[in-house]
Amino acid sequence: MPMVVEELHDVLSTRNLQGTAMPSPPQYQVIHWNSPKKLRVKNKHVEFFRNLYLTFLEYDGNLLRRELFGCPSETDVNSENLQKQLAELDEDDLCYEFRRERFTVHRTHLYFLHYEFEPAADNTDVTLVAQLSMDRLQMLEAICKHWEGPISLALYLSDAEAQQFLRYAQGSEVLMSRHNVGYHIVYKEGQFYPVNLLRNVAMKHISTPYVFLSDIDFLPMYGLYEYLRKSVIQLDLANTKKAMIIPAFETLRYRLSFPKSKAELLSMLDMGTLFTFRYHVWTKGHAPTNFAKWRTATMPYRVEWEADFEPYVVVRQDCPEYDRRFVGFGWNKVAHIMELDAQEYEFIVLPNAYMIHMPHAPSFDITKFRSNKQYRICLKTLKEEFQQDMSRRYGFAALKYLTAENNS
């Protein structure tokens, strides 16, 4: 500061020596210090506050529970059995992290927002079940507009993201007007997206006799909820083991005029606006649905299980859970459909039902699958172990899964 004042004084003195009339000295309130040294000035508190900010940014309930307060968790209560299971794992196994994931106990906040739903007296109600992370939140409003029935969602979020979700939901007229949507927060822990754990959480906390096992990036056709309730009666799902298949399609366009009828959808298929789901990259996943037959079908028809089949289905709520060994990308739905087949569920395609996959950026997990060779190796290992477990549980009937895998 003194340097600047002296410079000003010199300027004023020079003007006076040249005979220029001197004005009365101004009352300086602020002096701008423009020294090149200013970039080297350090605030001794900067690092402290930056670290404090980063600490709070990463705060989560796991830190508070385990490290600060030592609260017992379900893991601790059942630790003896858990420790035994973990001890059986080989830490030198290249797939150790995959195997360990199925034993991770996640903090879970059920019914994060108000939920209220009274099932219909005729016992035909169907709950749409799905899971998502923060990057798929934008699908929620659209799904609510397409499906008026109850919904059960498992959201995989950090503590900070849960608060962001709360603000997002409270700012949405569409979401706030719906009380029949159950939001269940599963808090992040571990390095993999626990897709099948999330599905199990969403599937377990429903109050209807039937579940529509969907994914968050699909929009069901308008009126599907009522159509499924009628189909439940028509196919006698209450007394038979059936899985009703909703044929899946996809668009590559971010803006789509959603088809209002099967006829309109078929027209869009013919024009190339829509495609059967994963037609370009994974035909086997939905080929057994028999889309050629569906085009002209007016009555439900039965299809047989084939290797890698992973349709979207409606089943009774007492169906098998998803296998937790499958995390991230790959085989998570395939294994579940295989188990339905092993338990002798019939697969019935509904002739007037459809759902459409909406385009989005690739998930982090599919990127890892594509770029990481070890990831693909471990997935193949887990598949083989799952098939061996199926053979032990279901005996001779499960041998066809090994044969189908070898022939595919």
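**Close-up views of a predicted protein model**

**View A. Strand 8 and strand 9 pair side by side.** Strand 8 (residues 248–250) pairs with strand 9 in the antiparallel sense, over 2 bridges. This is a predicted model, as are all the views that follow. Across the pair, E250 stands opposite F275 of strand 9. The two strands belong to an open sheet of 4 strands in the order 6-13-8-9, with mixed pairing. Which strands form the edges of this sheet? They are strand 6 (218–220) and strand 9 (275–276), each of which pairs on one side only.

**View B. The whole chain gives the setting for the close-ups.** Here you can get your bearings: the protein chain has 17 helices and 13 strands. Of its 408 residues, 46% count as buried. The accessible surface of the chain is about 22500 Å², and 54% of that surface belongs to carbon and sulfur atoms. Take the contacts between residues at least 6 apart in sequence: 80% of them join residues at least 24 apart.

**View C. Strand 4 is buried along its length, with 7 of its 7 residues counted as buried**. Because of this, strand 4 is largely enclosed by the rest of the structure. In a regular strand, side chains alternate between the two faces of the sheet. Which residues of strand 4 lie on each side? On one side are V181, Y183, I185 and Y187, and on the other are G182, H184 and V186; both faces are covered. Two strands to look for beside strand 4 are strand 1 and strand 3. Strand 1 runs antiparallel to strand 4 and is joined to it by 2 bridges. One place to spot this pairing is T108, whose bridge partner in strand 4 is V186. Strand 3, in contrast, pairs with strand 4 in the parallel sense, over 7 bridges. There, L157 has Y187 of strand 4 as its bridge partner.

**View D. S152 sits in strand 3 (residues 151–157)**. Is S152 buried or exposed? Its relative accessibility is 2%, so S152 counts as buried; the cut-off for buried is under 20%. Setting aside residues up to four places away in sequence, S152 touches T127, L128, V129, A130, G182, H184, A202, H205 and I206. Two of these neighbours, G182 and H184, have already appeared on one side of strand 4. Another, A202, is one of the buried residues of helix 10, the subject of the next view.

**View E. Helix 10 (residues 195–204) has 9 of its 10 residues buried**. That is why helix 10 is described as largely enclosed by the rest of the structure. The buried residues are V195, N196, L197, L198, R199, N200, V201, A202 and M203. What covers them? The cover includes strand 1 (108–109), strand 2 (126–133), strand 3, strand 4 (181–187), strand 5 (210–213) and helix 14.

**View F. N332 links helix 14 to helix 10 through a side-chain contact**. N332 lies in helix 14 (residues 332–342), and at 8% relative accessibility it counts as buried. A polar contact of 2.9 Å joins the side chains of N332 and R199. Leaving aside its neighbours within four places in sequence, N332 also contacts V195, N196, Y322 and F326.

**View G. The largest cavity has a volume of about 50 Å³**. Rolling a probe the size of a water molecule over the atoms shows where empty space is left. The structure holds 5 cavities of 30 Å³ or more. In the largest cavity, the lining is made up of L213, S214, P311, Y312, V313, Y322, K333, H336 and I337. Strand 11 (312–316) and helix 14 each supply at least two of the lining residues. Which element gives the largest share of this lining? Helix 14 does, with 3 residues. Y322, part of this lining, is also a contact of N332.

**View H. C378, in helix 16 (residues 373–394), meets a distant part of the chain**. The relative accessible area of C378 is 0%, so C378 counts as buried. Beyond its neighbours within four places in sequence, C378 is in contact with L94, C95 and F98. Look also for Y96: it lies 282 residues from C378 along the chain, yet the C-alpha atoms of the two are separated by 9.2 Å.

Technical notes: Residues are numbered from 1 along each chain as its sequence is written. This is a predicted model: local features need pLDDT of at least 70, side-chain atom pairs count only at pLDDT 80 or more; totals for chains, interfaces and linings use all residues. Side-chain values use heavy atoms; hydrogens and water are left out. Buried means under 20% relative accessible area, exposed over 50%, partly exposed in between (1.4 Å probe, protein chains only). Contact means heavy atoms within 4.5 Å. Accessible areas come from the Shrake-Rupley method with a 1.4 Å probe; for residues, only the protein chains shown count as cover. Two strands pair if DSSP finds at least two bridges between them. A polar contact is a pair of N or O atoms within 3.5 Å; within protein, one must be able to donate a hydrogen and the other to accept it, and residues adjacent in sequence count only if both atoms are side-chain atoms. On a 1 Å grid over the protein atoms alone, a cavity is a set of points where a 1.4 Å probe fits but cannot get out, and a pocket is an open set with protein on both sides within 12 Å along at least five of seven lines; lining residues have an atom within 4 Å of a point. Grid points are joined across faces, edges and corners, and a volume is the space filled by probe spheres set on the points.
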